[in-house]
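Please open the structure in your viewer and keep the selection tool at hand, since this tour moves from one selection to the next.

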Amino acid sequence: MSILTILEFPDPRLRTKAQPVTTFDAALKKLSDDMLTTMYEAPGIGLAASQVDRHIQLLVLDVSEEKNAPMTIVNPRILEREGTQTCQEGCLSVPGIFADVDRSDRIRLAAQDVAGNPIELEADGLLAVCIQHEMDHLIGKLFVDYLSPLKRDMVRKKLEKQRRHAESSATASA
Ligand code: NI
């Protein structure tokens, strides 16, 4: 298993629209396994292929406390939505930033598993939030897009500052 590099906002590659998966082979299974390893290591509760610069409709998640319930969802489609919930979200592509986002409370989903078998899923609470967040990645959308332009600009500046700081401390310790 390999740890993959996660693209960070405002990298324009995060804006790429993902294509449907049509080939369910060993390479897809390996990508899914590598994405799970990368997600657990980060650590995070969800990761979309878009975030590792693979622009196909594949996402992995695990919202369990024990981190023992990995899920791989391929070609997801929301069939039904109900209600609204507001949750504080973060994103591995926008490190250290958290903000409230409104999402559907319950969703019903049609998708495929990593082997291509059709699955249907009902989700609420954190799982529903996570799926909607990851599905946004597949259409090139980030949770910071729900913020005002002013707030989004503040996020961009904060991340630039964090990166400059990380680079200078890396140089200092080299
Ligand atoms: Ni994210």
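The stops below go from a metal site to a helix and then to two cysteines.

Keep in mind throughout that this is a predicted model. Begin by selecting the nickel ion, which is coordinated by the SG atom of Cys 91 and the NE2 atoms of His 133 and His 137, at 2.1 to 2.2 Å. Along the chain, these donors follow the spacing C-x41-H-x3-H.

Next, select residues 125–138, which form helix α2, where His 133 and His 137 both lie, 4 residues apart, or about one turn of the helix. In an α-helix there are 3.6 residues a turn, so residues three or four places apart point the same way. Both His 133 and His 137 are buried.

Now look at α2 as a whole: from its first C-alpha to its last, this helix of 14 residues reaches 21 Å, close to the 20 Å expected at 1.5 Å a residue. Because 12 of those 14 residues are buried, α2 is largely enclosed by the rest of the structure. To see what covers its buried residues, show the strands β1 (46–48), β2 (58–61), β3 (71–91), β4 (94–112) and β5 (118–124), which are among the covering parts. Just after α2, stop at Gly 140, which takes a positive phi of about 80 degrees.

Finally, select Cys 87 and Cys 130: how many disulfides does the structure hold? It holds 0 disulfides. The sulfur of Cys 130 has its closest cysteine sulfur in Cys 87, 9.5 Å away, which is too far for a bond. Cys 87 is buried, with a relative accessible area of 19%, and Cys 130 also counts as buried, at 3% relative accessibility.

Notes: Residues are numbered from 1 along each chain as its sequence is written. This is a predicted model: local features need pLDDT of at least 70, side-chain atom pairs count only at pLDDT 80 or more; totals for chains, interfaces and linings use all residues. Side-chain values use heavy atoms; hydrogens and water are left out. Donors are N, O and S atoms within 2.8 Å of the metal (3.2 Å for Na, K and Ca); water is not among the atoms, so sites may look incomplete. Helices (H or I, at least four residues) and strands (E, at least two) are DSSP runs, numbered from the N terminus. Buried means under 20% relative accessible area, exposed over 50%, partly exposed in between (1.4 Å probe, protein chains only). The expected span of a helix is 1.5 Å times one less than its number of residues. Contact means heavy atoms within 4.5 Å. A disulfide is a pair of cysteine sulfur atoms within 2.5 Å.
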